[in-house]
Amino acid sequence: MTFDASSLAALADQAKEWRRTIHQHPELLFDLPNTAALVTEKLKEFGCDEVVGGIAKTGVVAVINGKNGPGRTIALRCDMDALPMAEQTNLPYASKVENMMHACGHDGHTAILLATAKQLAETRDFTGKLVLIFQPAEEGGAGARVMIEEGLLERFGIEEVYGMHNQPGLAVGSFAIRSGAMLAGGDRFVITINGKGGHAAYPHLAHDPVLTGAQMIVALQAIASRFTNPFDPVVLSVTYLEAGSAGALNVIPGAIRLGGTIRTMNADTRKMVEARFRETVTSTAKSLGCEAVIDWRPGYPVTVNDPAKTRVAAQAASVVSGADRVDTNWPASMGSEDFSYMLEKRPGAMIWLGNGDSADLHNPAYDFNDNAIVHGVRYWLSLVDQRLNSTTGA
């Protein structure tokens, strides 16, 4: 499968305009009516064989059949939702919606997959079936899980699934990937510690939840430092504490709350850490005469790249940029991604796309680098060629 460089450059220019339109009109979680409408309109305009909306409320799925007969069915996935934060870029195409912005590059991911759809709907120079997934609610809503629960994988006969995410600090035109665990599983918690309030001058008559909370925070850190293998990353961070009142400094409160996150890179470790967490919280509270109520909020699983599909993805990227610009041992990240749900169900891989010297993801000064679009499109086209014009079973 070959493509003219000038035509791909022109396509990337079109995608840049789509990207900037999406950027100006960010939407959150599952509530993406305008983004989904734009995506649906374009996919139908391109002549995709099927365009199905309304999956996970605003998710859109398109099907393009190759002209060379039946074969594998693979899926390419992008995310479409923005973040609830105020943009600070002062760009001419900055967000027009107060306290919403595309601070993670999902606008770029969407534009890249749209451009890929346009190119492949025109040429269809492959065998088998290509499924394009435009997913809502990656930013905390587990949109991938909801799409799966609504029958995405079975309905479209998906055998393999691939994802791509931009990476600030990685040079434009470069790619990075790793086999196995690539992104952490992330869980959240809120603990309510119920004690017995009282006068600060008579602490023996109270059951102090503040002291209990302080002891608990320290004790929880021992989970990572003393109960897990140092080569098996675990990060437990208490990030929220609500206790007492600045207007009543002589009062021991009756209850406090604290919360935070736990990040793990191994599914078995994740289960062990939760069990140890519950035991530590309960026993610490009891030892100081208090009771702890745990609100455990399971997050995304560990994102695990299939080894064989990682090699496929790396080879596709090497065709685009050269092997010297594809890092196949990129460090694992303690961030999380709901693409993990898809990789639990089907073999596949996620790859990092260089975004250059930009602000970090989830930063109010971040912007997706439009110069990365053509490289993202070329990667998807190369991957489709690898998987749908290849006779290997890798």
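Select Asn-90 to start: this residue sits in the loop between β3 (73-79) and α3 (106-123). You are looking at a predicted model. Is Asn-90 buried or exposed? With a relative accessibility of 80%, Asn-90 counts as exposed. Check its backbone too: phi of Asn-90 is near 60 degrees, which is a positive value in a residue other than glycine.

Stay in this loop and click on Asn-99, which also lies between β3 and α3. Here again phi is near 60 degrees, and Asn-99 is likewise a residue other than glycine with a positive value. As for its surroundings, Asn-99 has 46% relative accessibility and counts as partly exposed.

**The whole chain**

Now zoom out and colour by secondary structure. The protein chain has 10 helices and 16 strands. Along the principal axes, its C-alpha atoms fill a box of roughly 80 × 45 × 40 Å. Of the 394 residues in the protein chain, 52% count as buried. Switch on the surface, and you have an accessible area of about 16,600 Å², with 50% of it belonging to carbon and sulfur atoms.

Colouring by charge gives another view. There are 34 positive and 43 negative side chains in the protein chain, and the centres of these two sets lie 4 Å apart.

How do contacts relate to the sequence? Take the contacts in the protein chain between residues at least 6 apart in sequence: 83% of them join residues at least 24 apart.

**Helix α1 and its partners**

For an example of residues distant in sequence, select Asp-13, which is in helix α1. Then add Val-374, 361 residues away along the chain: the C-alpha atoms of Asp-13 and Val-374 are separated by 8.5 Å. Asp-13 itself is partly exposed, at a relative accessible area of 47%.

Next, turn to the aromatic rings. The count for this model comes to 6 aromatic pairs. One of them is Trp-18 with Phe-46: the ring centres are 5.8 Å apart and the planes stand at 40 degrees, so this pair is tilted. Which parts of the chain does the pair tie together? Trp-18 belongs to helix α1 (residues 5-24) and Phe-46 to helix α2 (residues 33-46), so the pair links parts that are 28 residues apart in sequence. Show the surface around these two side chains: Trp-18 is buried, with a relative accessible area of 9%, and Phe-46 is buried with a value of 9%.

**A strand and a helix**

Move on to Phe-189 and Phe-277. Their ring centres lie 4.7 Å apart with the planes at 50 degrees, so this pair is tilted. Colour the two elements involved: Phe-189 is in strand β8 (residues 185-194) and Phe-277 is in helix α7 (residues 267-287), so the pair ties together parts that are 88 residues apart in sequence. Phe-189 counts as buried at 2% relative accessibility, and Phe-277 is buried at 0%.

**Last stops**

Just before Phe-277 in the numbering, select Arg-276 together with Phe-227. Arg-276 lies over the face of Phe-227, at 3.9 Å from the ring centre.

To finish, select Phe-175, Tyr-379 and Trp-380 and show their side chains. What links these residues into a cluster? Ring pairs join Phe-175, Tyr-379 and Trp-380.

Terms used. Residues are numbered from 1 along each chain as its sequence is written. This is a predicted model: local features need pLDDT of at least 70, side-chain atom pairs count only at pLDDT 80 or more; totals for chains, interfaces and linings use all residues. Side-chain values use heavy atoms; hydrogens and water are left out. Rings of Phe, Tyr and Trp (its six-membered ring) pair if their centres lie within 6.5 Å; planes under 30 degrees apart count as stacked, over 60 as edge-to-face and the rest as tilted. Helices (H or I, at least four residues) and strands (E, at least two) are DSSP runs, numbered from the N terminus. Buried means under 20% relative accessible area, exposed over 50%, partly exposed in between (1.4 Å probe, protein chains only). A charge sits over a ring if NZ of Lys or CZ of Arg is within 6 Å of the ring centre and within 35 degrees of the ring normal. Contact means heavy atoms within 4.5 Å. Accessible areas come from the Shrake-Rupley method with a 1.4 Å probe; for residues, only the protein chains shown count as cover. Lys and Arg count as positive and Asp and Glu as negative; His and the chain ends are not counted. The place of a charge is taken as NZ of Lys, CZ of Arg, CG of Asp or CD of Glu.
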